[in-house]
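Visitor: Please give me a close look at one part of this protein, the part where a crosslink might be looked for, and then walk me out from there to the rest. Take your time; one long answer is fine.

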Amino acid sequence: MGPYLVRRLFAVLPVLAVVVTVVFLLIHLIPGDPVSVMLGPDATPTQIEATRQSLGLNRPLWEQLLGFYGRVLTGDLGQSYFLDRPVSRALWERAEPTLMLMLCALVVAVAIGVPSGTIAAAHRGSAWDRGLMMVSLLGVCIPGFWLSLNFIYFFAVRLGWLPAAGYVSIFTDPVAGLRYMVLPAFSLGFNQSALIARISRSCMLEVLQQDYIRTARARGSRSAWSPGSTPSATPSCPWSR
């Protein structure tokens with residue numbers, strides 16, 4: 001497992017390099033002057049040129065790209081001029097809520113998706129199967145931002161059960177932290193649970209067609225039969241004795 005993960009991580013590096021390079025080039029192809037936007041409309045040409053020199057934007061494009069890669073490899077992600085702090089510090093400050101939201105959304109997605117897919121596969125062709133797959137189809141099709149806005153409107157604005165925005169560290173106040181995480185976690189987890197439900201159903205149906213499942217059914221195993229069916233008291237297959 002360890003060597004596999006190492007190989008996968010190294011395989012990601014070329015993809016990241018290509019993505020970063022393409023994004024870097026696209027940013028420079030977009031019309032407009034970022035320095036003018038940063039300094040505002042009242043900036044003088046002298047101030048604009050001085051800022052451009054301090055940022056290195058007056059150098060050739062390939063030098064800017066190589067300089068960027070050199071800073072990234074040394075851990076220097078640059079300075080955020082809108083937040084007025086280093087980018088690495090800004091990322092670290094937002095690491096806890098990001099990781100907590102990711103974890104809570106994953107728990108919601110798995111808690112909804114795996115049981116739904118399993119129940120749908122166990123009741124294949126029934127109303128349970130059609131209903132759960134219809135809900136999963138809606139979960140795939142509904143945009144996440146639209147679902148989030150409706151959650152905020154009903155549960156925060158109309159009912160007042162949950163906060164509409166903000167964050168409280170779960171290590172400071174676990175109850176308040178979970179209340180702030182419910183809406184965003186369900187908004188993100190519901191869409192993912194729809195995909196997990198469909199994948200779980202397909203995997204479950206594939207497993208139910210395996211030879212050992214058919215053998216168990218032929219032997220009269222009650223747990224291997226689909227819900228609603230009654231195994232015979234005496235197995236009918238000759239090798240079951």
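Guide: Let's pin down the term before we look: a disulfide here is a pair of cysteine sulfur atoms within 2.5 Å. Chemically speaking, a disulfide is a covalent bond between the sulfur atoms of two cysteines. Keep in mind that what you see is a predicted model. By that cut-off, the count of disulfides in the structure is zero.

So how open to the outside are C141 and C203? C141 has a relative accessibility of 56%, and anything over 50% is called exposed, so C141 counts as exposed. C203 comes in at 41%, which falls between the 20% and 50% limits, so C203 is partly exposed. C203 also falls within the span of helix 9, residues 174-208.

Let's stay with helix 9 for a moment. Between helix 8 (144-158) and helix 9 runs a loop, and F171 sits in it. Is F171 buried or exposed? At 68% relative accessibility, F171 is over the 50% mark, so this loop residue counts as exposed. Measure from F171 to G67, C-alpha to C-alpha, and you cover 39 Å in space, with the two positions 104 residues apart in sequence.

For a contrast, look at S116, which belongs to helix 6 (residues 95-122). Its relative accessibility is 15%, under the 20% limit, so S116 counts as buried. Which residues does S116 touch, leaving out those up to four places away in sequence? They are L132 and A197. A197 brings us back to helix 9, as its number falls in 174-208.

Now step back to the whole protein. There are ten helices and two strands, and along the sequence they run α-α-α-α-β-β-α-α-α-α-α-α. The radius of gyration is 27 Å, well over the 18 Å that the globule rule gives for 241 residues, so the protein is more spread out than a compact globule. Its C-alpha atoms fill a box of roughly 95 × 50 × 35 Å along the principal axes.

What about burial and surface overall? Buried residues make up 22% of the 241, S116 being one of them. The protein exposes about 16,900 Å², with carbon and sulfur atoms supplying 69% of that area. Among contacts between residues at least 6 apart in sequence, 55% join residues at least 24 apart. As for charge, there are 19 positive and 12 negative ones, and their mean positions are 21 Å apart.

Definitions and conventions
Residues are numbered from 1 along each chain as its sequence is written. This is a predicted model: local features need pLDDT of at least 70, side-chain atom pairs count only at pLDDT 80 or more; totals for chains, interfaces and linings use all residues. Side-chain values use heavy atoms; hydrogens and water are left out. Helices (H or I, at least four residues) and strands (E, at least two) are DSSP runs, numbered from the N terminus. The radius of gyration is taken over C-alpha atoms; the globule rule is 2.2 Å times the number of residues to the power 0.38. Buried means under 20% relative accessible area, exposed over 50%, partly exposed in between (1.4 Å probe, protein chains only). Contact means heavy atoms within 4.5 Å. Accessible areas come from the Shrake-Rupley method with a 1.4 Å probe; for residues, only the protein chains shown count as cover. Lys and Arg count as positive and Asp and Glu as negative; His and the chain ends are not counted. The place of a charge is taken as NZ of Lys, CZ of Arg, CG of Asp or CD of Glu.
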